[in-house]
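Biologist: I should like to go through the terms used to describe this model and hear the reasoning behind each of them. Please begin with the vocabulary of domains.

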Amino acid sequence: MREEYRLKYLSNRVLLMGAVTLIYFVIEAVRNVLLGIHGEETVLQACIYVLLALLYLIVVWFGIILPYRRSELLVHRFLDGYLTESSDFAEVFQSPSMKLQMDEIEKILRSPKMIDLNKRQAQYLALQNQINPHFLYNTLESIRGEALIAGLDSVADMTEALAKFFRYTITNVRNLVTVQEELDNCETYFLIQKYRFGNRLQLHIEYDVEDWEDIISCKIPKLTLQPILENSIIHGTELKVGTGNLRIQFERTQERLLIRISDDGVGMDEETLARLNRKLGRDGNVLIHEEEARGGIALGNVNSRIHLIFGEEYGLHVYSVPQKGTDVEITIPFAVDESRVKASFM
Amino acid sequence: MRQEVFRMERVTYIDKGIKQLEDFNLQIYQGEIMGLIPINAHGLQGLLQLMQTNLSLYDGHVYYCGERVNSWKSTRRSVNRIGVIDGNSRLVEHMTVTDNIFVLRQGFRQGIIQNKLLKGQLEPFMSDIEMDIPADAYVDKLSAFERVTVELLRAVVAGYRLIVFNEISTVVNGEELSKLYEIMHHYGKQGFSFLYVSPHLEEIMEVCDRVALLSNGRIQKIVQGEQMKAEVVEGYTLEYDRMIRYHMENRDPALWEKKEILSFSHITGEALRDFNMKVYERECLVIQNLDNQVYQDILQVLYGDKKLKKGACFILGKRVQLPASKEIAVISAEPTKTMIFDDMSYMDNLCMGLSRRMSGVWKGNMRDSIRREYGPVLGEEVFQMPVELLSEKQRYQLVYTRILLQKPKVVVCVQPFKGADLEHRVFVWKMMEMLLDKGMSVVILTINLADSMSLADRLVRIGKDGIVQEVKREEFGSLSITAPWLNLYRTEQER
């Protein structure tokens with residue numbers, strides 16, 4: 001017998017009991033109908049039994065079977081890695097203790113501590129880049145080169161950019177910042193990278209002029225754009241021969257802000273893309289495992305923070321074609337004030 | 001600010017245990033013509049189903065006109081006001097155009113139908129799009145393009161904000177398609193949005209603002225504007241392009257202009273009058289039907305559905321009854337659905353054509369030798385598999401190998417690329433090229449010239465008055481149609 005049909009499970013025992021009761025009702029109904037036909041019972045009695053059997057069937061179907069199926073679906077989703085909220089189970093808790101259990105899980109997953117932990121992870125990732133010897137050496141090498149070739153102006157510029165980047169990443173402790181602030185940080189980061197890559201790297205920022213004023217004041221989580229931009233450079237354009245173009249496109253709809261960070265780099269195959277999107281869709285595991293690739297960590301981290309702050313309807317989605325490039329689409333609710341976000345996450 | 005009309009957010013949809021869509025994201029804006037290219041068609045039917053009906057989702061949300069209409073959390077099983085227009089008519093037959101557009105729509109409350117009034121209401125719509133379809137015409141008498149237009153008008157009048165065109169170029173011809181694009185742009189300006197599903201890149205490039213690439217139930221990439229040419233055309237058609245270039249360079253016209261093999265003489269049907277045509281040995285002839293009634297007549301001649309009013313068919317000068325003749329084989333449109341019998345074994349399906357040529361095909365030793373010969377080509381595993389479990393490619397292979405075994409003189413392929421995604425198109429193309437290489441004549445009956453033109457040695461365009469135009473291969477470059485490979489003919493000419 002298949003494992004899921006075994007009687008060691010309570011659900012199967014209940015199902016069996018239900019089926020036995022239903023069979024009893026059906027037999028009784030048929031017997032009474034037959035007796036009614038032969039005049040040994042009144043037609044009314046026969047009708048009552050038929051109605052009782054139907055009523056039992058309806059109650060069991062709508063009251064037990066459908067909610068049970070839904071509850072099973074939710075548990076399967078949870079096991080599959082989807083973040084499930086306690087409210088999703090609202091009508092289908094199997095017992096009061098299960099409700100308490102779900103409340104507790106949700107409390108842990110959605111606590112401000114978790115947000116802080118994610119934010120710290122993002123800061124750590126950003127800092128790690130500065131500690132990363134390659135980054136440091138390349139930057140210092142660029143500074144040295146510039147100092148030798150030209151005057152001191154560019155050295156000053158680079159130093160300023162680095163200082164600005166550190167200040168934004170570490171000193172600014174807010175969870176939500178404006179698009180303008182994030183974009184400034186991206187440009188600073190790009191400026192630093194530009195010294196390393198020279199003209200091999202181009203950044204284009206595209207937006208609808210009519211909406212620009214609204215867009216730049218929209219609130220988004222801090223360190224949303226820079227980690228993705230960094231990802232596009234390291235995993236996309238750095239490996240490409242020739243000039244790499246990076247695009248940040250902003251689009252506003254009635255409800256949402258769409259930010260698309262694209263590169264025309266090496267892209268990724270269909271399987272990797274599917275795996276990445278699967279991971280971004282299921283963030284039950286909000287803390288990212290260390291063994292995962294760095295690119296995955298950055299995207300996963302940004303995605304988790306968006307989910308935690310705005311809800312699972314928002315987040316990241318990746319599109320990619322091998323040798324054609326990758327687009328990371330960030331979806332965020334359009335909000336210029338912070339009223340849409342829980343106070344504890346500010 | 002752009003207004004979203006339709007959005008699918010991270011949708012995972014499982015039907016009968018198979019993941020049709022996974023982490024599927026798509027948004028369509030107001031007034032936009034969004035393209036969708038099925039690189040492979042897995043998930044396309046699921047997507048169209050989900051757009052129309054709110055079926056239960058495993059994950060994700062669906063929004064239409066700013067409202068969440070479906071979510072994995074709660075499914076209402078309601079119907080969305082999204083129109084789908086494809087090869088199958090959704091109009092009610094034996095009713096007039098106005099009945100279909102006005103009377104059958106939700107919310108029509110008039111107790112007595114005032115035809116004159118409805119006719120008056122239809123008039124501005126018709127003049128808007130510069131069409132002239134009689135209001136009182138029965139829809140079953142309309143041409144395919146008129147039917148498509150009426151379906152579009154019905155959707156517009158009913159207030160559907162999103163209309164899907166699915167492989168519409170298999171129904172309407174090039175000139176009509178251009179007119180349809182004009183109508184789409186007209187309604188696009190009025191705020192109606194369209195999803196245009198087609199594996200033909202040149203159509204997408206002509207009409208769409210953005211295009212989404214569908215592969216294995218996921219959107220692989222969304223591209224727009226200038227990127228469309230660079231990413232879609234160059235990225236996906238290189239193999240196809242190389243294949244066609246090779247075919248064109250190696251196809252010797254002297255091969256086929258020798259012997260007349262099939263001829264139609266004075267064929268007269270419902271719409272077709274005194275139709276005469278010849279097919280030569282080893283040639284690939286493309287017949288483009290410009291009229292729907294004529295198309296139906298030709299199909300009836302091929303399948304022997306109706307007795308001819310007048311005329312006859314000849315193969316090598318001998319008069320033949322078409323469906324019964326073993327010298328001619330017909331591959332129907334969407335053959336993987338229409339020509340394979342799921343309750344028969346793979347071998348039985350394969351040998352069906354051969355049985356017309358020789359007896360004893362059902363005996364063990366004959367079948368063993370077929371298996372020995374074709375096993376390495378088809379794959380040994382297919383002979384053990386239940387036919388319904390074959391992949392789409394294996395099903396195409398089965399149909400074309402069946403024809404190969406039958407060895408007819410002429411193979412008529414009815415809309416061979418219909419319903420095939422980008423991947424399978426290349427495969428179908430190769431299969432037809434193989435038939436030509438084996439010395440058979442291939443006649444392609446089509447409405448859309450896109451893929452067929454690349455194989456053709458001769459093109460015949462048929463309308464109500466019989467052959468409207470006959471074009472030889474060396475003159476293809478001068479055709480004023482939208483087909484992807486014309487530039488290759490043009491460069492060939494220039495060379």
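Modeller: Domain bounds are taken from an automatic or database domain assignment. The model itself is predicted. On that assignment, chain B is divided into domain 1 (4-236) and domain 2 (240-340 + 390-494), and the C-alpha centres of these two domains of chain B lie 30 Å apart.

Biologist: How many residues of domain 1 of chain B are in contact with domain 2 of chain B?

Modeller: A contact requires two C-beta atoms within 7 Å. By that criterion, 19 residues of domain 1 of chain B are in contact with 17 residues of domain 2 of chain B. On the domain 1 side, strand 3 (33-38) and helix 6 (201-207) of chain B each give two or more residues. Helix 6 of chain B gives the most, with three residues. By class, this side of domain 1 has 10 nonpolar, seven polar and two charged residues.

Biologist: Why is helix 13 of chain B called roughly parallel to helix 14 of chain B?

Modeller: Helix 13 (residues 392-406) and helix 14 (residues 422-437) of chain B pack at an angle of about 15°, with their axes 11 Å apart. Angles under 35 degrees count as roughly parallel, and therefore helix 13 of chain B is roughly parallel to helix 14 of chain B. The crossing of these two helices of chain B is right-handed. Among the residues that meet are B:Tyr396, B:Tyr400 and B:Ile403 of helix 13 and B:Phe427, B:Met431 and B:Leu435 of helix 14. In this contact of chain B, seven residues are nonpolar, one is polar and two are charged.

Biologist: What makes helix 9 of chain A mostly covered?

Modeller: A residue is buried if 20 or more other C-beta atoms lie within 10 Å of its own. In helix 9 (residues 225-237) of chain A, 12 of the 13 residues are buried, including A:Leu229, A:Glu230 and A:Ile233. These three residues of helix 9 also take part in the contact with helix 7 of chain A, where the residues they join include A:Leu183, A:Tyr189 and A:Phe190.

Biologist: Why is helix 7 of chain A also described as roughly parallel to helix 9 of chain A?

Modeller: Helix 7 (residues 179-197) of chain A and helix 9 of chain A pack at an angle of about 30°, with their axes 9 Å apart. The limit for roughly parallel is under 35 degrees, so helix 7 of chain A meets it with respect to helix 9 of chain A. Their crossing is right-handed. The contact of these helices of chain A has seven nonpolar, three polar and two charged residues.

Biologist: Why is B:Cys65 called partly exposed, and why is B:Glu130 called exposed?

Modeller: A residue is exposed with 12 or fewer C-beta neighbours within 10 Å, buried with 20 or more, and partly exposed in between. B:Cys65 has 16 such neighbours, and so is partly exposed. B:Glu130 has 10, and therefore counts as exposed. B:Cys65 lies in the loop between strand 4 (59-64) and strand 5 (67-71) of chain B, and B:Glu130 in the loop between helix 3 (115-128) and helix 4 (144-157) of chain B.

Biologist: What is the phi of B:Cys65, and what is that of B:Glu130?

Modeller: Phi is near 50° for B:Cys65 and about 55° for B:Glu130. Most residues other than glycine have a negative phi. Both values are positive, although neither residue is a glycine.

Notes
Residues numbered from 1 in each chain as written. Chains lettered and ligands numbered in written order. Predicted model: local features only at pLDDT ≥ 70, side-chain atom pairs only at ≥ 80, totals over all residues. Helix = DSSP H or I, 4+ residues; strand = E, 2+ residues; numbered from the N terminus. Nonpolar A, V, L, I, M, F, W, Y, C, P; charged D, E, K, R; others polar. Axes fitted to C-alpha atoms, helices over the stretch in contact; angles between N-to-C directions. Parallel < 35°, antiparallel > 145°, perpendicular 65-115°, else oblique. Left-handed = near helix turned anticlockwise from the far one by under 90°.
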